[in-house]
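Subject: Structure handover and notes

Dear colleague,

Here is the structure I said I would pass on, with its sequence. My notes on it follow directly below.

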Amino acid sequence: MLVDQKEILKDKLKEIFGYDQFRGNQEAIIQNILDKKNTFVIMPTGAGKSLCYQLPALVQEGTAIVISPLIALMKNQVDQLNAFGINAHFLNSTLTKTEINRVKKETLDKKTKLLYVAPESLTKEDNLEFLSKVKISFVAIDEAHCISEWGHDFRPEYRRIRQIINQLGDLPVIALTATATPKVQQDIQRNLQMEDADLFKSSFNRKNLYYEVRPKKDIKKQLIRFVNQHKGKSGIVYCLSRKKVEEIAELLKVNGFRAAPYHAGLDGAVRMQNQDAFLNEDCDIIVATIAFGMGIDKPDVRFVVHYDTPKSLEGYYQETGRGGRDGLEGNCLMFYSYNDILKLEKFSKDKPVTERDNTKLLLQEISSYAETSVCRRRQLLHYFGESFDTDCGFCDNCKNPREQYNADTYLLKALQAVKQTEERFGLNHLVDVIRGSENQYILSYDHNKLPVYGTGNDETHEFWKSVVRQALLYEFIEKDIENIGILKLSRKGRDFMDAPYSVIFTKDHDYSTTEEEEEIEKEAPVVKAHDEVLFNILKNLRKQIAKQKSLPPYVIFQDPSLEEMATVFPTTQDALSHVNGVGMGKVVKFGKPFIEAIRKYVEENDIDTVSDVVVKSSVNRSKTKIFIIQQIDRKIDLEEIAQAQNLSMDELLSEIEHICYSGTRLNLDYYIDGMMDEDRQDEVFDYFMSAESDNIRTALDELGDEDYSEEDLRLMRIKFLSEYAN
Ligand code: ADP
Ligand code: ZN
């Protein structure tokens, strides 16, 4: 890539969107589009897919066509782009004739940089005719998984997109999705005839999301207790039926929460009103059906509850993905019951056979996920074809580990079952073989004559299912990508059969017999780096301005930007433009009242602002500090923070000490707990409690440098200071 071009893109990123850096693959993706190559992007919700086509659309001649399945989502994106000062429009059935004409005119006049089109509008004759006259820079296909019938959100009209693009000329295509299992990925590429596309797949890991599954018992009480813990924060509660949506919204209202329902059966105006109330922060909790969730696109959703068991892991992942899009807190709680699974299976009983089978497989994956005691994140990532070789430490299963067992002999039996049935069967059949079931299927294949047949009849069906699933998760067996549902041996599995070794598996949850366990809430109290009072002032101000301008508040500034303002107190336009997420465009548009509010607050409270400090030190120093504070708030490993800032561990600790000595509390427990056990922590803590000074050398002498490293002691000193001095 030319250095100049790189610089230009980066400048645009800052100037228009207000961001200092590209995230993940964004820059490479944008470059690929500018090189007119077909591009396939798989990135989790919230990772920043939109920017991948928005930015190249702006720096190129012509109009980019964005195909997007949901009208609500389109409007939302166009509103956001307009707030950035970008000429973007959408074309769909909600527009009047006059509006359509205006959009078309601006596009033909080459003013429009991005034009969002619904797939059904795309196929309309007069729209096609119009599009053939437009100078199109490229075509972006958002939510590309809708192309595949193996996924969870199949839309037949999506399968015709290729044909239409061909009519418009030889255009580069970028397909984007947040959920694609390997099978779905293959399907998308085949259908769009873009097997040649460059694939950019980023990790699906959403580090800030906390996953939890609870049995569906005493659910109303559980729900109320849960939302109460998050009172005043935005959240979504998903239910399966409209009736349930109404009922739960009512239940929450009666209990004093600001909740509103959202489902397809509501009158259009009411639905819009409820969604706006949620976006505008007049309502905290939206209770919605799953089918209508996609229209809700708000960065500061702090919890996502699945009141009913979801229909597929893809759906679940996408829905939970709406939590914490701004990188801050996001709690995902699913209530699971096997009855829900049976109900969902019944819904599909009138569907064609392939669709029914597909539904069943998707539901099996959900059961497997819910019942497993293995790290949830690991399980989710594996499902989307990503291997993740450690447990995450940030999900319910990691926090409350279950009993483990030596699985060598069980695993061996499972693998033998796969092998002896010639790698042509799925989970349930394999389990039936191991347990010696006498069903028709088994007999018709003569599988009752296999050596492995019936060798596992001491254990339950559920137990064996769990063994096979863990064999899959740990990659001893793998899914056959061409034949859905079929399991095969992997290289690792064959090796294991040749020379078995010790393997540990975890016992599944048994939700059918769980007594309601009192949940032990182990969450550490959240320590905020920013000034909470100012943050709330700014939030209210944002809400007020949003109302005046009829925009959702986050279109003005997002939470992380407000947090940063409440950390660095920018009192000039220039200082404000240095805040992440605030470009000069936004400063001019929205900045004034914020600067005034901050100035007033700073004066009234006698605060030294960073802009004062900046004169003395350098901008970069304070930026580094803010970055560190924010990352620690998000519980990012110190090694990772150091790496991101190009600091050695020693330098990073110095920065942290500096932050701490200037009065900011930092909670490093998440990191320290992983380094030192409780006894050792107590010992050091007691030492600092009684010591004359906090000098590290003295501490090392006293405590013994065989037992503790300098780093250990420095970390503990920070913890000590944070808890007592700040
Ligand atoms: P997706 O479409 O992948 O779900 P979005 O495009 O909506 O995600 O982006 C998620 C959030 O990340 C948005 O709030 C967006 O403003 C922000 N974002 C995107 N790119 C960057 C970046 N380079 N730096 C900081 N924030 C970014
Ligand atoms: Zn985990």
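The four donor atoms around the zinc ion (ligand 2) subtend angles of 100 to 120°, and the arrangement is therefore tetrahedral. Please keep in mind throughout that this is a predicted model. The zinc ion (ligand 2) is coordinated by the SG atoms of Cys375, Cys392, Cys395 and Cys398, at 2.3 to 2.4 Å, and along the chain these donors follow the spacing C-x16-C-x2-C-x2-C. One of them, Cys395, has a relative accessibility of 0% and so counts as buried.

Turning to the hydrophobic interior, the largest nonpolar core has 124 residues, among which Leu114 and Ile141 touch the most other members. Helix H21 (residues 461-473) supplies the largest share of this core, with 7 residues. A second core, separate from that one, has 33 residues, including Ile629, Leu638, Leu703 and Leu721. As general background, nonpolar side chains tend to be buried together in soluble globular proteins. If you would like to look at Ile141 on screen, then, setting aside residues up to four places away in sequence, Ile141 touches Ile67, Tyr158, Ile161, Ile165, Val173, Ile174, Ala175, Leu176 and Leu192.

Two helices deserve a closer description, beginning with H5. Helix H5 covers residues 97-108, and because its 12 residues at 1.5 Å a residue should span 16 Å, the 16 Å between its end C-alpha atoms agrees with that expectation. Within H5, the residues Val103, Lys104, Glu106 and Thr107 are buried. They cover an arc of only 165° around the axis, which means that they lie on the same side of H5. The face of H5 turned away from this buried side carries the exposed residues Lys97, Thr98 and Lys105. The elements that cover the buried residues of H5 include strand S2 (63-67), strand S3 (88-91), strand S4 (114-117) and helix H7 (125-131). After H5 comes Lys110, which has a positive phi, near 65°.

The other helix is H8 (residues 161-168), in which Ile161, Arg162, Ile164, Ile165 and Leu168 are buried. Seen down the axis of H8, these buried residues fall within an arc of 160°, and so they line one face of the helix. Their cover includes S2, helix H6 (119-122), H7, strand S5 (136-141), strand S6 (173-177) and H9. Just after H8, Gly169 takes a positive phi of about 125°.

Some individual residues may also be useful when you inspect the model. Asn191 is found in helix H9 (residues 182-191), and since its relative accessibility is 15%, Asn191 counts as buried. Leaving out residues up to four places away in sequence, Asn191 touches Ile147, Tyr158, Arg159 and Arg162. Asn191 and Asp389 are 198 residues apart in sequence, and their C-alpha atoms are 33 Å apart in space.

Ile556 is found in helix H24 (residues 553-556) and is buried, with a relative accessible area of 0%. Apart from residues up to four places away in sequence, Ile556 touches Arg542, Ile545, Ala546, Leu551, Lys586, Phe590 and Phe594. Between Ile556 and Ile29, which are 527 residues apart along the chain, the C-alpha separation is 27 Å.

Ser234, in strand S9 (residues 234-239), counts as buried at 8% relative accessibility. Its contacts, leaving aside neighbours within four places in sequence, are Phe278, Asp284, Lys298, Asp300, Val301, Arg302 and Phe303.

Finally, there are two loop residues to check for backbone conformation. Asp218 is found in the loop between strand S8 (209-215) and helix H10 (219-229), and its phi is near 50°, a positive value in a residue other than glycine. With a relative accessible area of 44%, Asp218 is partly exposed. Glu475, in the loop between H21 and strand S15 (477-479), is likewise a residue other than glycine with a positive phi, here near 65°. Glu475 is partly exposed, with a relative accessible area of 34%.

With best wishes

Definitions and conventions. Residues numbered from 1 in each chain as written. Chains lettered and ligands numbered in written order. Predicted model: local features only at pLDDT ≥ 70, side-chain atom pairs only at ≥ 80, totals over all residues. Heavy atoms only, no water. Donors = N, O, S within 2.8 Å, 3.2 Å for Na, K, Ca; no water. Tetrahedral: all angles 85-135°; square planar, octahedral: opposite > 155°, others 65-115°. Buried < 20%, exposed > 50% of the residue type's maximum accessible area, 1.4 Å probe, protein only. Helix = DSSP H or I, 4+ residues; strand = E, 2+ residues; numbered from the N terminus. Expected span 1.5 Å × (residues − 1). Arc of directions from axis to C-beta. Contact = heavy atoms within 4.5 Å. Core = buried A, V, L, I, M, F, W, Y, C linked by side-chain atoms within 4.5 Å.
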